[in-house]
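Biologist: I'm new to this one and would love a guided look. Could you put it on the screen, and then I'll ask my questions?

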Amino acid sequence: MPQLEFGDFAPQLIWLAITFILLYIAMSRVALPRIGHVLEERRTKIADDLDSADRLKREAEEALTAYEAALAQARADAHAIAAQTRDKLAAESAKERSTLEEKLEAQLAEAEARIAVVRDEAMNNVRTVAADVTAELVTKLTGQAADQAAIDTAVADALSSRS
Amino acid sequence: MSSPDHGAAAAAEGGFHIDPMHQFEISRIIPLEIGGIDASFTNSALWMVIVAVTATLFLTLSVGASKSRALVPSRAQLVSEMAYEFIAGIMRDIVGPSGQKFFPIIFTLFIFILLCNLFGMLPYAFTPTSHIIVTFALASVVFIGVTLVGIFKHGFKFVKLFIPSGVPVWLLPLISVIEVISYLSRPISLSVRLFANMLAGHTMLKVFAGFIVSLGFIGGGFLPFFFAVALTGLEVLVAFLQAYVFAVLSCIYLNDALHLHDH
Amino acid sequence: MHDETDKRAKRDQPGTISGRTARPDGLDGFADKLRKVRVEAGLKAETPDPHATGPNGQADDVDDAPRQNSFGMAMRLSTDLVAAVLVGGFIGWMLDDWLGTKPVLLLIFFPLGVAAGIVNVFRTANRMNQQSEAANSDAADDGSDNRS
């Protein structure tokens, strides 16, 4: 078995020591720090990118919140303006209506007063006419002048019973 | 298909012809003697140099020095990073953050053993890790290193490693002796495992390869050929697995020494 | 005039509600995506995540570590046993040689070596069990994650 040739041990051990130590130096001094550095760099880069993505997301959220706040503000303003306008218009129209009503009321009262005057006049006229007609009729029927006072009383009675 | 009789005869003949152990023989390429010690440059030394140079070149050059290297790795760089992350993950899981200092030595052991195992699969290549003296030396590096780390870290309290808790006093001497033997057997099992796996795998590959040659591919040799192909696949796995096991056990031993875990 | 303004005010009211619920959905989805990417990259999520993967997102690097087949396990266990027996026998033999008590210490240390070997085998088997259990629980965790 070649593995048990004791004479071959020394050269194998010597060259194992040489190659292994050199490899160890190369690995620990150059290769591993380099790879570790690259991996670390990539990790920080990814972490940074994710952080900035997070930050951008947060900013977007803030912008959205601000936008929504502005929107809500605008909406509230619009509502206020609308309500104001509505109230103003309502007040105006109410005022208009009341003045109109007042005017109509006045006209109505005036008209009623006029009617009353006219009616009173007419009533007076009717009384005079009725008295005259009665006097005439009495004169024609009886052939003598009628008693003016009696006629007036009778006419007044008839009119008051009617109205 | 040739007759089975013919095939068997040829196989027997070929088996005698090709010595599967021949591949493990050390040949001196440049005889050398320093201070009375044989330091010849052998085929084993040649392949160890090839492994060290390849590993150094690949792991340093694949990670280019250019600025753009960090974000999008090339395929070669990806392999280097995977090896790095693989060992770093093992160490993180088994040893924890206090093992960070020993990452380079574990990584070097892993890469060295892995490449020795893998390069040994090439035709005409020599496998340094198929020699018990090499694997024993590597295991001793781990064993002595781990023991020194434990003694430096814990001083005399390192002896606690051999005194399990919850054992009756009258049993303690016996248990301690058993623990010491168990501890001392670590480098033996570590080195024998690697050595035996490489020896067995390469011997088997050689035997099957011998069958192919002696039978001729057409004359029934294709059967061993398929076996050899399957075996080669298995051997690649074993080569990786053994390097992995070596690294994992080194980490476990290191963890024991650092944290004095009772098992 | 009154009716028109009233109507407009009423129409605006439901519009604000639907508008407010509809918009942030996109941002929430983005937040989930960010969190997922962070976990994949092995970074700790900045904001606590209700469905986080585990105690630490980086531990599953060794997930793809090779699992020993039974033959490999048997090889490992037998080397562990044999190595301890060899060491025990060797110590006994050396001590015998040194103290001149030829077979006595070898006979004492050989069984001790066997005992140490059995201890080794026991520990290695334990470790393998733990490993495979960890692997299994990892797999189970992954499954539940995918489901949720």
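Biologist: Which residues does B:Phe58 touch, not counting residues up to four places away in sequence?

Modeller: A friendly reminder before we begin: this is a predicted model. B:Phe58 lies in helix α2 of chain B. Leaving out residues up to four places away in sequence, its contacts are B:Ala76 and B:Ser80.

Biologist: How far apart in space are the C-alpha atoms of B:Phe58 and B:Gln77?

Modeller: Along the chain, B:Phe58 and B:Gln77 are 19 residues apart. In space, the separation of their C-alpha atoms is 8.6 Å.

Biologist: Is B:Phe58 buried, partly exposed or exposed?

Modeller: Let's count its surroundings: 18 other C-beta atoms lie within 10 Å of B:Phe58. A buried residue needs 20 or more, and an exposed one has 12 or fewer. The count for B:Phe58 falls in between, so this residue is partly exposed.

Biologist: What about B:Met198, is it buried or exposed?

Modeller: B:Met198 lies in helix α6 of chain B, which covers residues 172-215. Within 10 Å there are 27 other C-beta atoms. Because the cut-off is 20 or more, B:Met198 is buried.

Biologist: Which residues is B:Met198 in contact with, leaving aside its neighbours within four places in sequence?

Modeller: Here is another pair to look at: B:Glu235 is 37 residues from B:Met198 in sequence, with 8.6 Å from C-alpha to C-alpha. As for contacts, with neighbours within four places in sequence set aside, the partners of B:Met198 are B:Asn117, B:Gly120, B:Thr127, B:Thr129 and B:Ser130.

Biologist: Now to the chains. Which element gives the largest share of the side of chain B that touches chain A?

Modeller: In this contact, 35 residues of chain B meet 33 residues of chain A. On the chain B side, β3, α2, α3, α4 and α5 each supply at least two residues. By type, that side has 23 nonpolar, eight polar and four charged residues. The largest share, nine residues, comes from α2(B).

Biologist: And which element gives the largest share of the side of chain C that touches chain B?

Modeller: Here 23 residues from chain C and 19 residues from chain B take part. On the chain C side, α3 (70-99) and α4 (104-147) each supply at least two residues. That side divides into 14 nonpolar, five polar and four charged residues. The largest share, 11 residues, belongs to α3(C).

Definitions and conventions:
Residues numbered from 1 in each chain as written. Chains lettered and ligands numbered in written order. Predicted model: local features only at pLDDT ≥ 70, side-chain atom pairs only at ≥ 80, totals over all residues. Contact = placed C-beta atoms within 7 Å. Helix = DSSP H or I, 4+ residues; strand = E, 2+ residues; numbered from the N terminus. Nonpolar A, V, L, I, M, F, W, Y, C, P; charged D, E, K, R; others polar.
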